[in-house]
Each structure stands twice: as structure tokens, then as C-alpha cells.
Amino acid sequence: MAKKSNSYVLIYTIVLTIVCGSLLAITSEGLKPYKEANIAFDTKRNILSTVMDISGYSIRDLEALYQKTVVSTYLVNSKGEKVDKPFEQVKIDDEYRKSVEERILPVYELADPKKPGKTAYYVFPMWGFGLWDSIWGWVALEADFINIKGVVFAHKGETPGLGARIAEKDIQTRFTGKKIFDKEQLAVVQMQKGEGNDYTADAHKVDGMSGATITGQGLNKMLSEYFEAYLPFINGQKGGKVSLK
Amino acid sequence: MAENTATISEVKEKEPLLSKKNRKLVTDPLDGNNPITVQVLGICSALAITAQMKPALVMGIAVIFVMCCSSVVTSLIRHTIPGSIRIVVQLAVVATFVIIVNEILLAFVYDVAKNLGAFIGLIITNCIVMGRLEAFAMGNKPWPSFLDAFGNALGYAVIILIVAFFRELLGAGSIFGIKVFEAIGFAYQGNGLMLLPAGASIVLGLLIWLQRSLNGYVEEA
């Protein structure tokens with residue numbers, strides 16, 4: 001067959017597509033267990049690091065620590081009722097695409113590592129949108145549901161050195177000790193515009209990230225949206241005393 | 001140049017594996033014909049992923065892998081590729097290897113893959129990769145194509161590492177995440193400009209100037 005003929009080009013394209021496609025499919029499927037294990041491990045690591053410093057732990061130690069620290073995990077809906085569904089099946093990014101009312105929300109109850117067995121913290125996973133792409137995180141509240149114990153944020157494609165700083169410890173520790181309630185009203189901590197200001201006196205504000213205002217706004221929206229969604233659950237836990245306004 | 005066989009080569013063959021000509025394929029792009037500082041290719045990613053050294057190193061290794069594999073494959077099938085769709089074929093070959101690299105990183109060095117994010121996928125658009133396929137691998141045997149790809153990818157990796165070194169050092173006061181200024185007891189206020197792409201432009205511009213003044217290279221008018 002002549003190299004310039006249309007049928008040669010057509011057959012060449014088809015063969016090339018099949019070869020490349022199969023190669024990719026084999027690679028993707030072959031590496032799937034590793035990738036899923038990485039993501040699952042990363043999630044566990046992030047959940048733990050909202051309440052404690054886990055630097056220096058080996059992978060095996062972290063697994064054991066996770067088993068010891070996480071008291072229980074369950075799912076709630078936007079009315080605060082528990083949902084009977086396998087916990088692992090709920091993917092926070094899939095839920096984010098649904099309307100707020102339809103989302104199923106995971107809750108992690110964690111113990112203080114020094115006092116195992118007793119719930120000391122509640123960790124809430126969240127999902128949102130930064131400047132370029134998805135951002136997500138885990139926020140740990142103390143058992144009073146007012147004070148933030150710690151946060152971990154991550155992102156897919158924020159600008160390195162700017163918005164990507166949400167994934168850095170320096171930024172995340174700014175949230176520790178801040179509050180999501182003002183008396184009985186929901187008043188979620190918000191990141192401010194500009195950097196270098198002192199907000200130690202204000203429990204509802206944290207210092208911003210210079211050059212990453214939009215990522216900060218996405219972060220604020222994510223925090224507000226998810227704590228509003230978790231509010232009925234928190235309300236149930238607190239005996240129906242708290243409200244949006 | 002071909003009859004002028006390498007002096008260090010002891011193998012008495014027509015064309016030793018590392019003949020002078022072949023060695024030049026690797027060494028040329030490191031110096032006088034560097035893809036970044038002389039040909040000014042691959043600038044986009046050189047600006048994007050050089051804020052820190054670790055992602056720059058992984059990016060360099062990924063580009064070396066992608067370029068070597070796609071050059072060898074393209075060279076092997078070069079006689080079968082129909083001229084009318086040769087760019088599409090090259091693109092498909094490069095894209096396949098880039099996605100494989102991304103999958104491997106996600107499976108085995110998850111943290112780094114997370115850090116590099118979209119930039120691994122964007123190796124496909126790196127002009128150096130397709131530039132070498134089109135200019136060299138399409139017309140040469142697999143072994144020289146491999147050397148040419150390796151040399152050019154190495155030339156790219158070395159430059160982005162140099163840029164990343166200055167950006168991380170001046171921007172964040174660290175090298176590979178280690179706070180060097182703090183370690184020697186010097187309070188250093190990071191220069192935020194160096195972390196922005198503008199900082200990379202400045203470093204890269206200075207490098208290009210240095211390289212060209214050393215080599216005496218001038219753009220032809």
C-alpha cells in the first residue's frame with residue numbers, strides 16, 4: 001500500500017490509536033491499586049495532622065496511629081441525620097457536584113492520642129474551588145464545636161508560591177484556635193485580604209495570603225458552605241441551641 | 001567529522017556507540033546549543049515549575065524519560081509514518097509517554113506528583129520534545145536519536161535546576177526545602193518576586209545573557 005494513500009493513513013491512525021490506547025489502559029489499570037492506596041493513605045495522614053503533629057512517623061506507624069485515634073466514622077445528610085451507607089463509597093468530590101441539600105457528608109470522630117477511646121475532636125472534610133482548580137481540606141473542631149483544633153488544606157492547581165500556600169503549615173496554623181460560632185450564631189472564620197496583619201484578637205479572622213486573594217475567597221466560601229451544611233448535625237450534637245443567624 | 005573517530009574509544013568498529021559525533025549529540029545541547037538558553041525553547045515550563053528545586057528535579061527527570069522514549073520510538077517507526085499526519089503521530093507518541101509518567105508518579109511518588117499537578121501533563125506542550133522529534137528523530141537511527149534526546153533533555157534539566165536554585169534560595173531562603181539561611185543563623189526575608197514567574201524571567205534572562213556572552217553566540221539577523 002502506498003504511504004501517501006488515504007487508506008494507509010487511515011489504517012495507520014487506527015492502529016496507532018489502538019496501540020497507544022491499550023498501553024495507557026494497561027498502565028492505568030495496572031497501577032490503580034497503588035494510586036488508590038496512596039490517596040487513601042494521604043487522606044488518613046491529612047485527617048490525623050488536623051489534630052496532631054505527625055512528622056517523623058513512618059507509614060506503618062501512621063496506620064496504627066490512625067486505627068487508635070479514629071473513634072468512629074459515619075455519614076450525615078444536610079438535615080443532620082445519619083445516613084446508612086458504606087462510608088468508603090462516599091467521595092467528597094462527587095458529593096460536591098450535587099446540590100448542597102443532597103450532599104452526604106462524612107464525619108470523623110477522633111480521640112486525643114493520650115486518652116484513647118473518648119471522642120475529643122470532630123473532623124469535617126470539605127471541597128471547593130480556588131483560583132484555577134479544586135481545593136479541599138479537613139477541619140477539626142474541638143468537642144465543643146466552637147474552636148478549631150487544626151486544618152489541612154490541599155489544592156490541585158493553585159499558583160506555586162501564592163495560592164498553593166494553602167497547603168503549607170504556615171498558613172494552616174493561622175486557623176488553629178479560631179472559632180466558627182459567635183455565641184449561638186454560626187460565624188465561620190474567614191481569611192482576610194492582605195498579609196502581615198495581626199488578627200490574634202479576632203477569633204473569626206485570619207491573616208490573608210498576599211497575591212492570592214481569590215484562592216483565599218474560595219477557601220472562605222468552602223468553609224462557610226460546609227459549616228452551613230454541617231450545622232444541622234452540629235445542632236443535633238449541641239442540643240438544638242445554635243442557628244445560622 | 002565522521003572519519004575523525006574518538007580517541008578514547010577502544011572498540012574498533014565503523015561507528016562506535018560513543019563516537020565523537022555521538023558524544024557531540026549529548027554535549028552540544030549542554031553548552032553551545034542549549035535548548036533553553038540558546039534556542040529559547042521550553043520557556044513556559046522553565047518559568048512555571050522552577051519556584052522550588054524538588055519539583056524542578058522531578059520535572060527534569062520526567063522530561064528526560066519522555067524525550068528518550070519518544071525519540072527512540074519515533075525513530076524506530078520513522079519510515080512508516082505518513083508525512084501528512086507525522087505531527088499527529090509524534091504528538092500521540094509523546095502524549096502516551098507523558099501520561100505513563102504521570103501515572104507512575106501518582107503510583108510511586110504521590111507527594112511529588114501532587115506538587116507538580118498539571119505541569120507533568122504539560123510536558124506534551126514542551127517545544128523541545130516535539131522539536132527534537134521533528135528535527136532529529138524523524139531522520140536518524142534510534143541510537144543517535146536517543147543520545148540527541150538525552151542531551152537536549154539534560155540541557156533542559158540543568159537549566160531549570162539552576163533557575164530553581166536561585167529562585168528557591170532568594171525567594172524562600174531554602175534549597176530542596178532546607179532553610180539554609182536559618183541554618184547558618186542569618187535572618188533572611190524571602191523575596192516574593194523570585195517566587196513569581198517574573199522572578200524566573202529575570203533569572204533566565206541573566207542565564208541566557210551569561211551563556212551567550214561566554215559562547216559569543218549572536219542571533220542571525
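Here is a walk through three helix pairs and one pocket.

What you're looking at is a predicted model, where local features need pLDDT of at least 70, side-chain atom pairs count only at pLDDT 80 or more, and totals for chains, interfaces and linings use all residues. Residues are numbered from 1 along each chain as its sequence is written, chains are lettered from A and ligands numbered from 1 in the order in which they are written, and side-chain values use heavy atoms, with hydrogens and water left out.

Let's start in chain B. Helix α3(B), residues 53-76, packs against helix α7(B), residues 127-135, at an angle of about 25°, with the axes 10 Å apart. (Helices are DSSP runs of H or I with at least four residues, strands are runs of E with at least two, and both are numbered from the N terminus; axes are lines fitted to C-alpha atoms, for helices over the stretch in contact, and angles run from 0 to 180 degrees between N-to-C directions.) The two helices are therefore roughly parallel (angles under 35 degrees count as that, over 145 as roughly antiparallel, 65 to 115 as roughly perpendicular and the rest as oblique). On the α3(B) side, the contact (heavy atoms within 4.5 Å) includes Val66(B) and Met67(B), while Ile128(B) and Leu133(B) are among the residues on the α7(B) side.

The same α3(B) also meets helix α8(B), residues 142-172, where the axes come within 8 Å and cross at roughly 165°. That's why α3(B) and α8(B) are roughly antiparallel. Their contact divides into 22 nonpolar, five polar and one charged residues (Ala, Val, Leu, Ile, Met, Phe, Trp, Tyr, Cys and Pro count as nonpolar, Asp, Glu, Lys and Arg as charged, and the others, Gly among them, as polar).

Now hop over to chain A. Here the axes of α1(A) and α2(A), residues 59-69, come within 10 Å and cross at roughly 60°, which means α1(A) is oblique to α2(A). Phe41(A) and Leu48(A) are among the α1(A) residues in this contact, and Leu62(A) and Tyr66(A) among those of α2(A). By class, there are seven nonpolar, two polar and three charged residues.

Helix α1(A) turns up again at the second largest pocket, where it gives the largest share of the lining, nine residues. The lining has 37 residues in total, with Ile39(A), Ala40(A), Thr43(A), Lys91(A) and Tyr110(B) nearest the centre. Chain B joins in through α4(B) and α5(B), each supplying at least two lining residues. By class, the lining splits into 18 nonpolar, eight polar and eleven charged residues.

Note on methods
On a 1 Å grid over the protein atoms alone, a cavity is a set of points where a 1.4 Å probe fits but cannot get out, and a pocket is an open set with protein on both sides within 12 Å along at least five of seven lines; lining residues have an atom within 4 Å of a point.
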